[in-house]
Each structure stands twice: as structure tokens, then as C-alpha cells.
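Me: I should like to understand how the terms used for a protein structure are justified. May I put some questions about the model shown here?

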Amino acid sequence: MNKYIAYYLRLSLDDGNNIGESNSIASQREIIKEYIYSSDEFVEAQTLEFIDDGYSGTNFNRPGIKSLLEAVKAGEIGCIIVKDLSRFGRQYLEVSKYIEQIFPYIGVRFIAVNDNYDSNSHKGATAEIDVPVRNMINAMYSMDISKKVKSAKQTKIKQGIVASAHTIYGYRKDNVDKGQILVDEPAAAVVRKIFQLALDGNNAFKIAEKLNNEQVPTPSAHKNNTVSNRNWNKINKGKNLWTSATIFRILKDERYTGTFIGGMSESEKLGSNENIIKPKEEWIRIPNSHPAVITQEQFDMVAGMIKGNSSSRTKKASSRPLDKKIRCGKCGHKLRYKGSVSYPFYFCDTARYSDEHGCMRGKIRESDLNDAVMASLQMQINLFLDTEKLYRMIENKINKPNTSTENSALQLESEIKNLQANKRKLYESYKNKEISQTIYLQEREMLEKESAIQTAAREALLSEQKNRKDTSEATQKIHNKFLKYQSLTELTKEMADEFIEKISVYETNRIEIRFTFRDELENIMKAVRQNS
């Protein structure tokens, strides 16, 4: 084989206490290697190993599987081997899509050793029905495990047991009883200092400025130094910088009073990495559950001060069209919002503490930002509709019944069938000793090469048809959305959520907008260029 054989190993915490040696990484590796070494066709093949240790099979957001699929995309992999289908994944639709559609289309062989599945043996055979059935069973098993894990976690939370891998700044996990937390004195001293500075009348900015001047390690820097080598501060590239947002997060956390708070969020759906915040009334609260860092009286006094300072805000975040979409183009942090009736604006908090990133130091008025985004959006809408109109005109010409593309695909299919029939006739001639083995092998090779060429040409035509259809459907979908908002002249939150992914602000007069429909627009323009 010219390409690599990739064997993939996965072990998940979702397997619970039933992991067993049969599913261990070492056991999976041994089973697969024994299979490879016992197969004559793989004797001289080179292998690559991909591992995900401690990752759930309910989604494909795993580093090992991502690396494997990138290698597949690059054309480096000819065969993938797993111990069983559940190791590859437990999500029925996703696993089936790869095994039954993607891998066969790009010519990648797939083998699940313990499931006795080999895509080479099951091409067009009814045995393939077994694959979706197994995948469905794996998905159901994963859902059952997920429910049990969630139930066990809820039970722990109700008992005041810390179920997360890490705890809040100021505490550390007990090395003996992992479900309990202890005071992390160096960090706890900083927390006490923050509360005291707040009680002395310092606002969040002044507190952050003071800690930065004293070069006090931030929570992320403290974790980097004490917990692991993992970089907990990706946005600031590991730089030690306190901000008002960090100060507020600490001042608003009641857990520093010794009150356990759990069940604040839950997974949006099985296999999703997205969590949704639950209403506060649904949180589980257990007073005096762990050692306190500050008193309840201190927390209540600071909470009253924060509430008093924030009461002057006239505009809720939910009514701001661009809320949570605006980031500083230099440091990557979300811009802070300061509201007033006459002059609400956004600013970069990082610029108040450091010049290192070259962040915007001025203020950008909310109304000016909304107007600029709305004008840009209207321009994009007009560009899209004009391009789409041209695309439809071309599409009407090239998508008529009995087009040359469809006829060509049918003709190629007919030629492929003829080549296959000729191969059978050639074999019969060789079997009946009408031709020599040398002639048989030479002519068979020529037929196979021609068949491969015709098949590739046919697949390219079908792929072109599918791409055109997908582009057409995506275009129509975006078109309908644009028509819905075309008459509006003022930016709304609904519009922003529909069309805007992110806004990066570099200066008060320079912004970059990332639209959600950029791929569809590029595809349409590409189609216009190709067919015009």
C-alpha cells in the first residue's frame, strides 16, 4: 500500500467503572496490531497511530480524530482500523456518514476488528445494514451512560461534593478527598485584599490597576504556576493582566463565603460542548459547606455597593444589538459597555492597564457603531441580491432538463458498465484458456485504468451537480432571510444575531465585521465566475 494504515484508539471517562482491560488503550493497540500482523496484505504497510484518551465518543471534537481526518483529507491514509465501531464514535448519524458515505467516496477502507466489519468486503452487500444498527446501539448506549453520569453528578452536587475538575480561584482540590475543597492561602489572601479594597471605596478599575502595579499573579497565571503547564490565558497569550471584569467576577461570587453553589449550568444536548446557564432559582446552594475566605457580611456589603453602582444603567444587555459580539482587534477581549441616556459607548478595558497590545484608547459610541454595521450590512445585502440575481440567470440556462452535464454523467456510467462487462468477458476468455495469463493481466490492467478514469470523471460531474444544488439551496435560504429584513433601516438584535458572527474594533474609525453568510456569498460569486 502506498498510503498509511491509520489505527485509531479511544478511551472515554463515559465508560465509567466498566472500562475494563478490553477497552484500555493498550488492549486496543494490541488487538489492532495483531490483526495487522496476521494479514498478508498489510505486511509491508506503514502505520500511523491516533489516540484520544479521556474523550467522549458522542461528538467528533477530539484532537486525535481531528488529526486523523486531516490526514485523510490530505490523502495520506488508505485504511483506518479500529477495535470496534464504538471506539470511532457513538453518534449514530455522524459515524454512519463517515463509514457509508465519506470514506467510500474518497477511497478510504474502514475496518472494525471485533465487529467483523471491512468496507472492502461489504461493498453493496446487505451486511452493511449491520453498521447503522450497531451505530444506533452505540448511540443509545452513550445516551444511557450520559444520563447515568449526569444523575450521579447531580447526586454529588446535592451533597455539596465538588464534581468539576477544577475549583475557583482562592481554593484548591483536597488531594485525599477530591470532592472537597480547601483554602489556597496565597490566592485566598488576594481575594481578601480585593474585597477589602472594594469596601474601602475602590472601584473595580482601581483595584485591578493596584494589583497590576504590584504584579500580583492573575487567576490564570496562578493556575499556570500551581495546577499544570496548560495555558489558561489564551487571549492575552499568557500575560499577567488584571481587568475590571476579573475583579467583578470575584466580588460577585458567593462561594467565597463558604456557600456551596452547584448546578449552575447544564449541557445543551448530548455530545455538545456548549453549556447553558440555568436560572439562579434552580441552583443548588448549601451554606457552610467549605471553609470561608470572607465573611457573609463582607460579601453582602460589597454586593450592595455593586448593585447601587449598576442601578444607573438604563439599557439592559439583552436590548443592545451587538452585545457579546464586539471584541478588541488587538488583545481579543470583549469590549466593555458603559451606558447612559445621552452617550452610551464601548471601550477596551485592557488599554486602561497596558500599552503592550496597542489597543484602542478611545471610546466608540454605540449609535455610531450600530450605524456603521447597519450600513455595511445593507451594502452586503445589496451585493448578495445583485450577485444572486446574476447567478439565477446563469443557473436557469445551465440547469435545464437533459443538460450536457447530466447526459455526460449517464454516458460515463454506461461506459463504466461496458468496461466492467469487458472485464468479465476477459476473465472468461482467460478461464477458458483462450488467452494467456500475460495477455489477460495486461488487458485487465488497461481496462481497470480506463475504468478508474471514467469513474473519476463521473464522480467529478456528480460532485459538480451536488455543489450546484447545495449552493442553490443555501442561496435561497439566505435570500429569504434578507427579504425579511430588507426594509429595515435600523439595526436590531434579531438582525445582528442572524447575520453577524463577530466585530473586531481596532480604532474608533476602523472595524472589521465577520458575517455569518460569507461562505454562501463566496460560493455564489465563484459559481458566477465559473459559468459566466
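**Terms and their grounds**

Reply: In this predicted model, Tyr 337 stands opposite Tyr 346 in strand 14. Strand 13 and strand 14 (residues 345–347) pair in the antiparallel sense.

Me: How do you know that strand 13 and strand 14 pair?

Reply: Two strands pair if at least two bridges are found between them. Strand 13 and strand 14 have three bridges, so the condition of at least two is met.

Me: What makes strand 13 and strand 15 stand at the edges of the sheet?

Reply: The open sheet consists of three strands in the order 13-14-15, with antiparallel pairing. Strand 13 (336–338) and strand 15 (364–365) each have a single partner strand, so one side of each lacks a neighbour in the sheet.

Me: Why are helix 7 and helix 9 called roughly perpendicular?

Reply: The axes of helix 7 (residues 204–213) and helix 9 (residues 244–251) cross at roughly 110°. Angles of 65 to 115 degrees count as roughly perpendicular, and helix 7 and helix 9 are therefore described in this way.

Me: Which residues make the contact between helix 7 and helix 9?

Reply: Helix 7 contributes Ala 204, Phe 205, Ile 207, Ala 208 and Leu 211, while helix 9 contributes Ser 244, Ile 247 and Phe 248. Seven of the residues in this contact are nonpolar, one is polar and none is charged.

Me: What share of the residues of the protein chain counts as buried?

Reply: Buried means under 20% relative accessible area, and 39% of the 532 residues of the protein chain count as buried.

Technical notes
Residues are numbered from 1 along each chain as its sequence is written. This is a predicted model: local features need pLDDT of at least 70, side-chain atom pairs count only at pLDDT 80 or more; totals for chains, interfaces and linings use all residues. Side-chain values use heavy atoms; hydrogens and water are left out. Axes are lines fitted to C-alpha atoms, for helices over the stretch in contact, and angles run from 0 to 180 degrees between N-to-C directions. Helices (H or I, at least four residues) and strands (E, at least two) are DSSP runs, numbered from the N terminus. Angles under 35 degrees count as roughly parallel, over 145 as roughly antiparallel, 65 to 115 as roughly perpendicular and the rest as oblique. Contact means heavy atoms within 4.5 Å. Ala, Val, Leu, Ile, Met, Phe, Trp, Tyr, Cys and Pro count as nonpolar, Asp, Glu, Lys and Arg as charged, and the others, Gly among them, as polar. Buried means under 20% relative accessible area, exposed over 50%, partly exposed in between (1.4 Å probe, protein chains only).
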